Structures are given as structure tokens and as C-alpha cells.
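Please open the structure in your viewer and keep the selection panel at hand. The tour below proceeds one selection at a time.

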Amino acid sequence: MIPELGEVALILALLLALVQCVLPLLGAWRNNAALMAVARPAAAGQFVFVAISFAVLTWAFMTQDFSVAYVAQNSNLSLPWYYRFSAVWGAHEGSLLLWILILNVWTVALAAFSGHLPPKFAARVLGVLGFVSVGFLLFTLFTSSPFGRLLPAPGNGMDLNPVLQDPGLIIHPPMLYMGYVGFSVAFAFAIAALLGGALDDDWVRWARPWTNFAWAFLTAGIVLGSWWSYAELGWGGWWFWDPVENASFMPWLIGTALIHAQAVTEKRGGLRAWTLLLSIFAFSLSLLGTFLVRSGVLTSVHAFASDPRRGVYILMFLGVVVGGSLLIYALRAPKVAGGKPFALLSRETLIVIGNLMLTAAAAMVLIGTLYPLVGDAFHLGRVSVGPPYFGSLFILLMAPVVLLIPFGPFARWGKADGTALWRVLLIAGAVALLGGILALLLGGDARAVLGTVAACYVGAGVVLYARKRWREAPAGRRYPAEMVGMLVAHAGVGVFLAGALLTTALSVERDVRLDPGQSQRIGAYDFRFDGVHEVRGPNWTAQQGRLTVLHDGAVVAVMHPQKRVYSGGQVQTKASVSAGVMRDLYVALGEPLGDHGAWALRLYDKPFVRWLWFGGVLMMLGGFITSGDRRFRARNARAMPVSGTATLAPRESAA
Amino acid sequence: MNRLLPLAGFLLLVTLFGYGLWWNAHHDVTAVPSPLIGKPAPAFDLPRLHHPALRVTKADLLGKPYLLNVFASWCFACGDEHPVLMAEVHELGLPLIGYDYKDKPADARAWLTARGDPYTLVVTDQSGDTAINFGVYGAPETFLIDADGIIRYKHIGPLTPGVIRDQLAPQLRKLGVQPAPGI
């Protein structure tokens, strides 16, 4: 009986979503305040019913109701409660429900914090979000309901995919979806602006905190996913250019371009049409990711089980939402280039170059991801595109962006002072050179030197600008949130570059056979294999190895990698990681070899690998800090200072 | 016109996706067809793993069917496949040629010494150049090559008892090889 309540709640949510979509849009068109006023209560009501539906599914997992087919497929009597909780979004149907719940969280937040928006604009934004919600609720109800029954109910469930039985899964998807879905808010702002004629650029200022907030969550989700696949899955690497990773990375690249383009449009009125287009693209790529992951059109290591009907539905929905919004864009986007003029050497130019590079990178990832499909279409055979393509092109496209990062804050809007930029280049270049020489003396290879150079260069730019503000701006106005966010995020890029390049250059990886008591030297560390014994968990038994790691004869870590066999018979490797600021030691158990306790082991020494995630965390923090800037919450641009004066006024703020 | 370009690009994408969905609905998604099936195996001339002074060419192996198993000591999936090969090699009824792919010969010899050597003989392709002609893009992969040197069947990924029973054994029977009744 209770699971059916979940289904009914979803149907009621669908009806409210329809109301939230149709009536406010109609009201905004006909200038009817009563219709527009429906938006907020409808959004609140929809949230309540979606939350009920989600709670019902969670309850079914908690009470092990195996008569619900989705629970029977993804739970098991011996599954611990915390994984039963995260199993709610462990497969297609439930994760779709999570998608909808998070969309509703964003919508309700927007309904609550949009008091400063003109009523017509707020009604349109909520209406567009209602439309997106209708699409996903219909998708869930018609093709992917998690509440289908299985009668007679089986005595036990099939268990959650062991890959997903990990603390990482509890938070990775919600974070990622907060980002994906969050771009729907920027999208709704852009569509609302287009519907209203996009006559002024105030909408961009209102959209900026939401976009930065969503971008920060997406960053967090991607960082978590990278860390999870590295630390828990025994894959060892931190990025694989897998189609599903790419699906989250494309919106991130476009989102990065968008938060910068928004700054130009808000402060200088330029790039209007481009900002609108990027807002549409960012969310379109989120939808595209959903399509790629759930339709089975591409095969991937973590694609959901596919069903052709689902693919057709999402493709239709994608066609309506993206096709419709691009049509609105074609019809209503501002025809005249607006904004203040800018010189060739100006902050605008730098941001435009960065935007082009980021967009080109997203296009490059899209082409690489879809290439197997193109191969099919033109009978070129089944082909797939691997890391060599992505890696080399990505580095080429991002190198100019990294080069420009230190100059961005120093370049003034409109017209930059060339001599000031020369000074930055000289100082940052000198610091980078020193770093490079140091890396060379310490014996790094080309990539290690490059990583050190890039990190020093970006870091020097950040420090220089922070110092400039400290010396030149009046106390109390030195570091507005927007600028702190920018500096933190840019510093994050530097830290990420150091981590990514140094770990690629310096990692040592060995697959070895070790007898108990035998040692293997990896880098500066001796890994002593102490043997394997059996351990039991709630729903698995494991062969657990013990390795003692010594450095100059002193024990630095004792590691326990596992090879688990779950109750369903699936085998899962649990790598053991000894994490450190300067290096990670990493051990995965391979196969037993022979009868004398020897095992194949995979051993790694990974210097600086933490840095790349820490860099990601800094970028995330930058996004959150920026979205907290008080300036964004004002309704009227005229009431707020706008930067662009030639002097370094306190109001000049970050891009 | 300019403003219609994004829409036009998107419609192209949708067409491609529609085609992709249609294609998937009408084809076996997991099968990666090898353009080499039914074609002569590429010529090769490679040193033997255990006797590097001796070389093996395609011509040396003509005359009766054989299996060519691409493996490497660095390949974890090959470790999964290895016990299957050890258990089934004598049941198959034809020679199993090991093809050590992009591997250090010393590592490969240690790997086979530790785990047992199921192969009739092993050739090494340290550079991986010849493997390109075979269309190898990972290890393990297994080719069935007939007496005339024609590739009859290819399997990508580890051979499992199920794959051997359901896919490989019928191909073997077509070539007149009689695998043991258990297979």
C-alpha cells in the first residue's frame, strides 16, 4: 500500500508541475498577476509531493520491502542500512527520482529567494523550471517508475551493485546532480529573459549567484567522482575520459565559460547573446549527459542498464527543450551588440579568449564522446576515441587559458594598462622560471617541470593581485566575496595543475608477484607483503592482505587491501590507500598465485595526487564564495556601483 | 541567419542520436565486429619468448588451425583468463599460440613461470607494431585462424568457460576440430 502512495504522490507532483509551468507563463504573457502568483505555491506543493515520493522509496529500502521490484533488484537482507539508504539512487529509476527531488530543491530555493525579482520575470523563471520538471516526471512515470511491484515478493533481494557499496556513492551523485540540475536555474533565467525580450541585463546579475552555486556543486561532484574511482575502485587513475565522465565534464567546461561571460554581460553589457547561448548550452549538455548515460546509445563502464523506450523519450524531451530554447534564442536574442566598447587589450578580450578555448574544449570532448556513434552512422566500424586524443587536445586548448589567468584580474575593463600587464608577466614568469629550475634540479622529467612552472605561474598571479588589493584598496573594501572567490578558484587551478602534472610524471606503478615476507621497492619505499587472511563483512567475505611500508627502515604505513566476494557472487577489489600531502601509497590485491600464499599485487607510489583534488576543492570553494556576494542580491543595478572606471575603485571587482 | 546556427547544429545532433538509438535497437551492442574475420591473417615474423633467437612466421603455422591468444603480464584481465586457459587448453584440440603484447620478455617469462604456461609456443611483439595489423586494441584478445591462415573468429576480453562453450566450440567444429565432449 505504501509504495502506491509514492506513485500517487508523483502523479500529484506532475499535476502541480503542469500548473507551475502553464499558469505563470500564461500570466506573464497576459499580464495577469493572479496567474503569476500561482507559481510559488505550486512549486512548494510539487516539492512536498516529490519529497513524499522519495521518502516512500527510502522507506521501502529501510523496511526491505522486496515486493517493490526496484528494492528487490538493489538491496539485500544483509546490506547495511547506510547502503540501503544510498541504494535509493543506486540505479536508473531511483536516481531519476533524486534528479527530480534536487530540481525541486532548486526550484523551491529560487521561489523563496526571488523576492527581489520583478514578478513577471520570477513567474517566467519558475514556469520554465516547471516545464523541465514536467518532462522528467512524465519520463519517470511512463518509463521508469521505481514503485513497480514484484508479486509474489522474493524472500531476498539481489543486492546493490558492489561497486556502489561505498561511502563515495552516498554523496557523489547528489553533489553531481546539484550541479547538473543547478544549471537549469541559469537556463530558466536565460529563457525568461528571452521571453521578456532581453531588453536589459539585470537578469544576468540575478543569475550569477545561482550559476556559481551550481558550478561549485558540479565541481564538487566531479572531484568526488574522480577521488572515488581512484581510492575505492582500485582503478588507480583519476580521470579516464569515459563517456559518463565526459557527460559531466562538458557542462562543467561550458559552465566555467558561462560564469566568466556573465561577469562581462553584467558589468559591461557586452556578450549578451553569447551569455544567453552559454546558459542554454550548459543545461543542454546536462540533459545530453542524462541522455547519453541512460539511453544506452553509448556503452560505458558506468552506464545505466538501458531500455530503448527510455532513449526515445529522452531524445524527444531533449529535442523539445533544447530545440525549443534555441528556436526562442534565434527569434528573440538581442540583434544589436550592446555594451560598452573595449580595446584589444582589456579584460573583456581575455575573457572572450578564455571562453572560446573552454567552448572549443567542450566541443572537442563532445566530438570525441560521440565519435563511436558517427563511426556507426557512416559505417566506419565500431571505433572509440581514447585518452591520447582527449589528453593531448585538452592540454593544447587549456594552455592559453592557463597563460591568461594571472592577467585577468589585472586587466581593466574596457582598456587595460599594457605596462602593468608586462610587470605581471615578468614577475609571474620569473617565479615560474625559478620553480622550473628547482624542479629540474630535483630531477623531474618534462611534465614535472611543466607542472611546477604552471603552478608557480598561476600562483604568482594570484598572490600578486591579492597584494595589489591589499596595498591599494581602502580597508574593508579590499576583498569583496566575488573577488575572493575568483582568487581562491584561480589558486585552485594552480594547485590542480601541480597535482595533475606531477602525479602523471612521478607516479611509479608495478604489478608484482610477492611471497609472504618478500619486499618490493617502489620509489623510495619498501612494500613488505605480510600475507593474506580472510575477513568477513555484513554481506561479503574478503581476502585481506597486509603490507608494511618502510622508508629508510622505518614503518610509514600498514595497509590492508581487500578482494571481496559479495553475497551475490560478485568480486570487488578494495584498494588500500595511505594518503599524504606529498604522496599517496596505493595497493590493490590481484590474484593468488600458487599454493604458498603468493599474490599478484599492484603497488603504486603516487606523489602529489591529493593536490589535484585539493585544487578542485579550492575551485568549488571559489564558486560558493562568489555566489555569496551581497551585490547580486540587489534588485536594481542603478542602486549598485558598477565597475569600469579607470582608477582602481573599490567597486572594481573580479571577473 | 547567424542566430539559427546553434539550432541547426543541434538538429544535426538529434538526427545522429536518433540514428544511434535505431542502430542499437537493431544490432547487438556488445559485438565489436572485426573487419578481419574471413580475411587472411596479417603476415608476421616475431621472435619466440623462450627462445628469442628463433622466429616464427605466419607461414610456419599454416596447415592446421590454431588459436592466437594475445596476452601480457601487465594485463589484469589476462590474469582472470589464465586459469581458464590452463584448465581448457587440452580440451580444445588445437594448438594455442601465445602472443605476448607490448610486454617485457622477462616480465612475461616470470608471469608464465609463476602461473603455468598453457601455450604451445609464445611469440613476443614488444613494440606492438604487428598487433596493429591484427587490430588488437587491448588484451586479452583471441583469434581463431584456420589451416589456410584465414581468421575465422575473434573474441575480445577474457575467454570464459561460457564463451568457449557457446561461441568458440561451434567455430572449432566448423573447422573440423573436435573439442573434448565436456566443452
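**Stop one: chain B**

Select chain B, bearing in mind that this is a predicted model. A compact globule of 183 residues would have a radius of gyration near 16 Å, whereas chain B has 20 Å. Turn the chain in the viewer: along its principal axes, the C-alpha trace of chain B spans about 70 × 35 × 30 Å. Next, colour chain B by secondary structure; six helices and seven strands are present. Followed along the sequence, these elements of chain B give the pattern α-β-β-α-β-α-β-α-β-α-β-β-α.

**Stop two: chain A as a whole**

Now select chain A. How does its radius of gyration stand against that of a compact globule? For 655 residues the expected value is near 26 Å, and chain A has 26 Å, so the two agree. The C-alpha trace of chain A spans about 80 × 70 × 55 Å along its principal axes. Its secondary structure consists of 19 helices and ten strands.

**Stop three: confidence in chain A**

Colour chain A by pLDDT. The mean for the chain is 88, and 92% of its residues reach 70 or more. Where in chain A is confidence lowest, and where is it highest? Select strand S7 of chain A (residues 571-574) for the lowest, at a mean of 83, and then helix H3 of chain A (residues 39-62) for the highest, at 96. Then select residues 637-655 of chain A, over which the pLDDT is below 50. In the model, this stretch has 38 contacts beyond near neighbours in sequence.

**Stop four: two helices of chain A**

Select helix H18 (residues 481-506) and helix H19 (residues 609-627) of chain A. They pack with their axes 7 Å apart, at an angle of about 165 degrees. Because angles over 145 degrees count as roughly antiparallel, H18(A) is roughly antiparallel to H19(A). The crossing of H18(A) and H19(A) is left-handed. By class, the residues in the contact of H18(A) with H19(A) are 19 nonpolar, nine polar and two charged.

**Stop five: where the chains meet**

Finally, display both chains together. Their contact takes 32 residues from chain A and 25 residues from chain B. On the side of chain A that touches chain B, select the elements that give two or more residues: helices H11 (272-295), H12 (308-332) and H13 (347-377), with strands S1 (508-514) and S9 (583-593). H12(A) provides the largest share of that side, eleven residues. The residues on this side of chain A comprise 18 nonpolar, nine polar and five charged.

Note on methods. Residues are numbered from 1 along each chain as its sequence is written. Chains are lettered from A and ligands numbered from 1 in the order in which they are written. This is a predicted model: local features need pLDDT of at least 70, side-chain atom pairs count only at pLDDT 80 or more; totals for chains, interfaces and linings use all residues. pLDDT is the predictor's confidence in each residue, from 0 to 100. Helices (H or I, at least four residues) and strands (E, at least two) are DSSP runs, numbered from the N terminus. Two residues are in contact if their C-beta atoms, placed from the backbone, lie within 7 Å. Ala, Val, Leu, Ile, Met, Phe, Trp, Tyr, Cys and Pro count as nonpolar, Asp, Glu, Lys and Arg as charged, and the others, Gly among them, as polar. Axes are lines fitted to C-alpha atoms, for helices over the stretch in contact, and angles run from 0 to 180 degrees between N-to-C directions. Angles under 35 degrees count as roughly parallel, over 145 as roughly antiparallel, 65 to 115 as roughly perpendicular and the rest as oblique. A crossing is left-handed if the near helix is turned anticlockwise from the far one by less than a right angle, and right-handed if clockwise. The radius of gyration is taken over C-alpha atoms; the globule rule is 2.2 Å times the number of residues to the power 0.38.
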